[in-house]
Amino acid sequence: MSSLIRFVAVLVLGLAVLAYGALWLVTQRLREWEEGDAQLRAELAVNSSRRAVVKRWESGNFAALSDILRDITRDERIRAIGACSTDGRLLAKTTDWPASLPCSGEALNPGGRVHVSAVPLDGEAAPLGTLVLIQDLTFLERREHAIRDFLLIAFGIFAAAASLVTVVAARLSWRGWSNQLRKLLLRGGAQPGQFQPLMRDVRELVEKLATEKEDLEGRGTWTPQRLKQTLERHLEGERVVIVANREPYIHQRGADGHITVKHPASGLVTALEPVMRACGGTWVAHGSGNADRETVDAKGRVRVPPGEESYAVRRVWLSAEEEAGYYYGFSNEGLWPLCHVAHARPTFRIDDWRHYQAINQRFADAVVEEVDVEDPIVLIQDYHFALAPKLIRERLPRATLITFWHIPWPNGERFGICPWATQLLEGLLGSSIVGFHTQQHCNNFIDAVDRLLEARIDRDQRVVVHHQRSTAVRAYPISIDWPNRWAKEAPSVAECRRSVFAELGLPANAQLGVGVDRLDYTKGIEERLLAVERLFERFPQYRGRFTFAQLAAPSRTAIERYSRLNDNVEALAARINQRFAEGRWKPIALLRAHHEPPDVFRYYRAADVTYVSSLHDGMNLVAKEYVAARDDERGVLVLSSFTGAARELTEALMVNPYDLEQASSALATALTMPEAEQVDRMRSMRALVAEYNVYRWAGRMLVDAARHRARERLSGRLTDRLLGLERTA
Ligand code: ADQ
């Protein structure tokens, strides 16, 4: 609001300066015109009686001359006339001629609001002298005042109208969102200051929304159709190639011998799959299913989604040893803990690094095989492929390579502990654009480049130039598809609640909390269960009434840190259950299994509260999925402030997951939150996720890619021309 007041004040001040400037100019012009008019008027008046005046003057009849002069002064503006001889004597005058005015040079310039004109008179033989006419210009003052009043009133009305239009426009555009937010921030449900987003985050969000509105041409929500049109319009409908470790559909042969298709529990897949459905193209990924080889053609390709077949998956095969080194070893024991502040020590082994290099090369080769133009668009995904951009660039120098890093990027000092930090950075700088979820991650990346490489950094343009190649570093906060496919296909909220409560053996009047994650130590699952335990300690009224269901998909179980986590979570749930269980009621339901998306959404729709407690997370799509699932606008999101999502979902109850007092209070607040407040918060978050959906995320990257490609093509053509000129010279 204060910036709006400042804007209006500057506007009014600017208009006032403009008004005074205009007034000064008009007055000056008016005076020049009037002076010219006065001189003309004097000459006309003299000319009309010239013959009679000359006759009397030559005859020396100055009394008669005075009479003629008096006749001339009948013009109301001509006040007095004097006849001055060539030697400066006053020969005749009218009665109003000022006694103090001699026939000298200064007399012709007395100043004030009078105008003095001198009209020379010639006789038959020689010049006679000069008629000096004094005109009254006080009418000019009246005229100037009238014009000044008119201009000031006109500018005043204009300034008031412009300020009003500015204020109304600004209020209307932000009113919906900001009112909602203000209402929530000031609401009495929680203690003041508790569970609220940092104002800095809210400000950043507002600025982001404002700049993005200006950035993207075209208004309205992003849809698959709009994304497709963007691809057609900006990139001539070209096919997109995605490189990602995880494939979107896994063919798995079960114990009964049948092959089923699984959706992996992966935020990356959740986000990118709808984009590929809309754009078409090829997804190059590790073929990890035990029936994957049986379902591809001779070139390792299979069309998906089953029954729809809108794009291709190109599977790349890895041996168990390669997978252990590249995926489990370097990627998940090295880079994953390096990039997350979650107190796990990274492990770097030379053999893992060699596998990582080799597999990056294999994926780069697969990309080159899949493209059919020399400047394709390739979207490289995540920390498994830091080297691939440079390797692809070596084979396809004109490719547009966008690399998106789905996890946080640590500060430069921390990143520097990786023995191959410079190679990783050089690999990534093969990209045209490197994208992160937040500006903070972009800043950390630039900081790491600054510390470890000889590169030129343009912080204003957010560009790094290394070995004469420039790479833009941009924030693209990821999201989910909207309208969300799984939410649309889900049964009604009442039905979901009935079926989930039946599965968990809960009575209809129970309250349900839900957590949905891969079993990963960065997700803060132990801290979440401890917060639930603290809730029962501090608020015994929830015993027997509240159950927390944790859907935990086993993940990276070949790594010791993950199998330990698995055991810890199981032991913790068992301890809490033992401590508080009463009759058939258990406080925690640990559902340690992969759940297909329809099941995950059933749980979201049944929940009174969903708790996302990541200790550090790039974005966290579970939070956004929960919001998408709640088309009934009920349910409360308790969200860790260490997620990227916390910068956008500012209406969630924000907590520090390490602070068990705060987290348990937030759970209690959520469980007693009035319906009207739930609706306000959920509606506001749904509006944001609907607009900032994954089609927008992809659209922004593709528009940036198109601009980049247009620039590259132009500079390519210029280089060709210059080389051609050099050759002909
Ligand atoms: P992830 O670490 O995988 O993603 P997240 O973004 O929360 O984390 O996505 C998890 C996905 O897996 C969701 O779609 C969820 O529904 C699904 N899932 C979770 N548990 C499941 C279960 N038990 N059964 C089945 N499905 C389950 C990484 C980064 C994130 C970033 C994404 C996208 O770590 O910070 O948001 O990439 O960029």
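Trainee: What makes the pair between the side chain of His406 and an oxygen atom of the ligand a polar contact?

Mentor: The distance does. An N or O atom in the His406 side chain is 2.6 Å from that ligand oxygen. The cut-off is a pair of N or O atoms within 3.5 Å, so the pair counts as a polar contact. Bear in mind that this is a predicted model.

Trainee: Which other residues have such a pair with the ligand, Lys523 and His595 being my candidates?

Mentor: Take Lys523 first. A polar atom of its side chain lies 2.9 Å from a ligand oxygen. His595 uses its backbone instead: a polar backbone atom is 3.0 Å from a nitrogen atom of the ligand. Both values are within 3.5 Å.

Trainee: How much of the ligand's accessible area does the protein cover?

Mentor: On its own, the ligand has 720 Å² of accessible area, and the protein covers 95% of that.

Trainee: Which elements give two or more residues to the shell?

Mentor: Three helices and two strands: H6 (267–279), H17 (597–606), H18 (621–629), E17 (511–518) and E18 (546–553). The shell draws at least three residues from domain 2 (234–475), and at least three from domain 3 (504–691).

Trainee: How many residues surround the ligand, and which are the closest?

Mentor: There are 28, with Thr270, His406, His595, Asp617 and Glu625 the closest. By class, 14 are nonpolar, nine polar and five charged.

Trainee: Why is helix H17 called largely enclosed?

Mentor: Count its buried residues. Eight of its ten are buried, so the rest of the structure largely encloses H17. They are Pro597, Val600, Phe601, Arg602, Tyr603, Tyr604, Arg605 and Ala606. Two arginines are on that list.

Trainee: Which residues of helix H11 are buried?

Mentor: H11 spans residues 421–428, and the buried ones are Ala421, Leu424, Leu425, Gly427 and Leu428.

Trainee: What puts them on the same side of H11?

Mentor: Their arc around the axis is only 160°, which puts them on one side. Helix geometry fits: an α-helix has 3.6 residues a turn, so residues three or four places apart point the same way.

Trainee: Is Thr438 buried or exposed?

Mentor: Its relative accessible area is 8%. Buried means under 20%, so Thr438 qualifies. Thr438 sits in the loop between strand E13 (433–436) and helix H12 (439–452). Its side chain reaches the backbone nitrogen of His441 at 3.2 Å.

Trainee: Why is Gln229 called partly exposed?

Mentor: The value is 48%. Partly exposed falls between 20% and 50%, so Gln229 belongs there. Gln229 is in helix H5 (residues 224–235). Its C-alpha atom is 9.2 Å from that of Cys279, 50 residues apart along the chain.

Trainee: What is the phi of Arg462, and what is that of Gln468?

Mentor: Phi of Arg462 is positive, about 55°, although this residue is not a glycine. Gln468, likewise not a glycine, has a positive phi near 65°. Arg462 is in the loop between strand E14 (456–458) and strand E15 (463–466). Gln468 lies in the loop between E15 and E16.

Trainee: How exposed are Arg462 and Gln468?

Mentor: Arg462 is at 31%, so it is partly exposed. Gln468 is at 81%, over the 50% cut-off, so it counts as exposed.

Trainee: Where are cis peptide bonds found?

Mentor: One joins Val304 and Pro305, with omega about -10°. Another joins Trp482 and Pro483, with omega about 0°. Pro305 is in the loop between strand E9 (301–304) and strand E10 (311–316). Pro483 lies in the loop between strand E16 (469–475) and helix H13 (485–489).

Notes: Residues numbered from 1 in each chain as written. Predicted model: local features only at pLDDT ≥ 70, side-chain atom pairs only at ≥ 80, totals over all residues. Heavy atoms only, no water. Buried < 20%, exposed > 50% of the residue type's maximum accessible area, 1.4 Å probe, protein only. Helix = DSSP H or I, 4+ residues; strand = E, 2+ residues; numbered from the N terminus. Arc of directions from axis to C-beta. Near = heavy atom within 4 Å. Polar contact = N/O pair within 3.5 Å; in protein donor to acceptor, adjacent residues only side chain to side chain. Areas by Shrake-Rupley, 256 points an atom, 1.4 Å probe, with all protein chains shown as cover. Nonpolar A, V, L, I, M, F, W, Y, C, P; charged D, E, K, R; others polar. Domains from an automatic or database assignment.
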